[in-house]
Amino acid sequence: MRLSSENRSKSRACSFFHILAVLLAMSFLTVFTAPVTVQAAPVEALQQYRVRVDSDYLALRTTPGYREDNEIARLYTGDPVIRCIRSDEAPGFFYVYSPQHQKSGYVNCTYLEYNGLFRSTCKKVKIDSGYLAVSTSKDNDSRNEIGKLYTGDIVITVDGSDPEYTMVYSQKLKAAGYVKSKYLQGAKESVRAPEAAADVAIKILSDSRLKQKKSSGGRLKVSVEVKNVSKQKTVTGFEVLLFAHDRNGGLVFEGETYIYPAITKKTLKSGESAYTDYVKLDKRDQIETVFAMPGRIWFSDGSVSEYPVYDGANVAAWTVER
């Protein structure tokens with residue numbers, strides 16, 4: 001009998017925060033005057049990982065625990081998964097969706113390597129009456145229901161490849177499951193498996209200071225420094241995506257939103273650096289750490305570069321001082 005890799009070793013700790021901890025740059029914060037404020041439109045994202053086992057396989061399970069009868073799929077080194085945080089996650093386990101198996105379940109997170117963010121879109125539920133069932137499978141069996149959504153509820157698309165049923169994640173329910181696609185507003189999104197990160201034309205300077213200002217409504221306005229590291233191209237504008245963790249390493253949400261883009265129109269020749277325009281982050285009092293990563297880049301020759309997958313090496317972070 002083949003044993004799944006997680007049965008061999010259960011000692012390593014895991015969390016998104018710990019994986020990125022090596023990137024943290026502890027900075028002293030200063031307050032700057034006359035900021036330019038950007039009204040940021042929210043972008044939605046989930047964390048994506050790759051499986052990394054020394055041998056054999058990583059079991060995808062219906063429940064968090066090591067039993068033969070709860071295995072529903074086998075994952076191997078390099079296989080991509082998308083994390084869908086649930087309220088009932090046990091220590092040492094992540095609840096994930098496997099695109100190649102089109103199944104969701106629990107895995108031992110010791111054997112997952114962070115592989116950037118899976119960017120998707122939000123959709124709104126619209127039904128004439130009653131509720132939209134969230135189910136563990138693609139059917140109308142009420143025994144598989146794990147939650148109820150109502151008109152106006154927002155979900156994040158995880159897999160929209162099936163025209164009849166869409167895999168979604170609901171922050172409200174802290175659950176992922178299938179819903180009938182016809183009751184979702186907006187264009188469908190398909191799962192994008194992790195891929196190699198593109199060469200980065202701008203770099204977030206983690207050793208520079210994070211500019212911060214208190215803002216009305218309990219918000220925090222921040223600005224980070226970036227550098228044009230391309231050898232030849234001149235940058236005329238750039239996007240930086242920002243998000244935050246609380247003191248427990250959890251993402252700081254405002255509704256369904258936790259990532260905010262700051263688009264700055266400044267010209268940077270090769271080797272030059274500049275600070276982004278300010279962007280407002282919600283729930284200032286909960287923020288312990290601010291993260292930043294590059295997004296789209298506009299060049300003087302008219303071309304635009306966009307990174308669909310963000311590698312952990314391109315993420316900078318600062319601990320916020322009170």
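Good morning. Strand E19, residues 225-228, is joined to E22 by three bridges, and the two run antiparallel. Strands here are DSSP runs of E with at least two residues, numbered from the N terminus, and two of them pair if DSSP finds at least two bridges between them. Within this pairing, Lys-227 has Ser-273 of E22 as its bridge partner.

I should state the basis. This is a predicted model, in which local features need pLDDT of at least 70 and side-chain atom pairs count only at pLDDT 80 or more, while totals for chains, interfaces and linings use all residues. Residues are numbered from 1 along each chain as its sequence is written, and side-chain values use heavy atoms, with hydrogens and water left out.

The wider sheet is open and has three strands in the order E16-E19-E22, with antiparallel pairing. Strand E16 (202-204) and strand E22 (273-275) are its edges, each pairing on one side only.

Next, the cavities. The whole structure contains four cavities of 30 Å³ or more; a cavity is a set of points, on a 1 Å grid over the protein atoms alone, where a 1.4 Å probe fits but cannot get out. The second largest holds about 60 Å³ of space, the volume being that filled by probe spheres set on the points. Among its lining residues, which have an atom within 4 Å of a point, are Phe-243, Val-252, Tyr-258, Glu-254 and Asp-282.

Finally, the cysteines. The search finds zero disulfides, a disulfide being a pair of cysteine sulfur atoms within 2.5 Å. Cys-84 is buried, at 0% relative accessibility, whereas Cys-122 is partly exposed at 32%; buried means under 20% relative accessible area, exposed over 50%, and partly exposed in between, with a 1.4 Å probe and protein chains only.

Notes
Helices (H or I, at least four residues) and strands (E, at least two) are DSSP runs, numbered from the N terminus. On a 1 Å grid over the protein atoms alone, a cavity is a set of points where a 1.4 Å probe fits but cannot get out, and a pocket is an open set with protein on both sides within 12 Å along at least five of seven lines; lining residues have an atom within 4 Å of a point.
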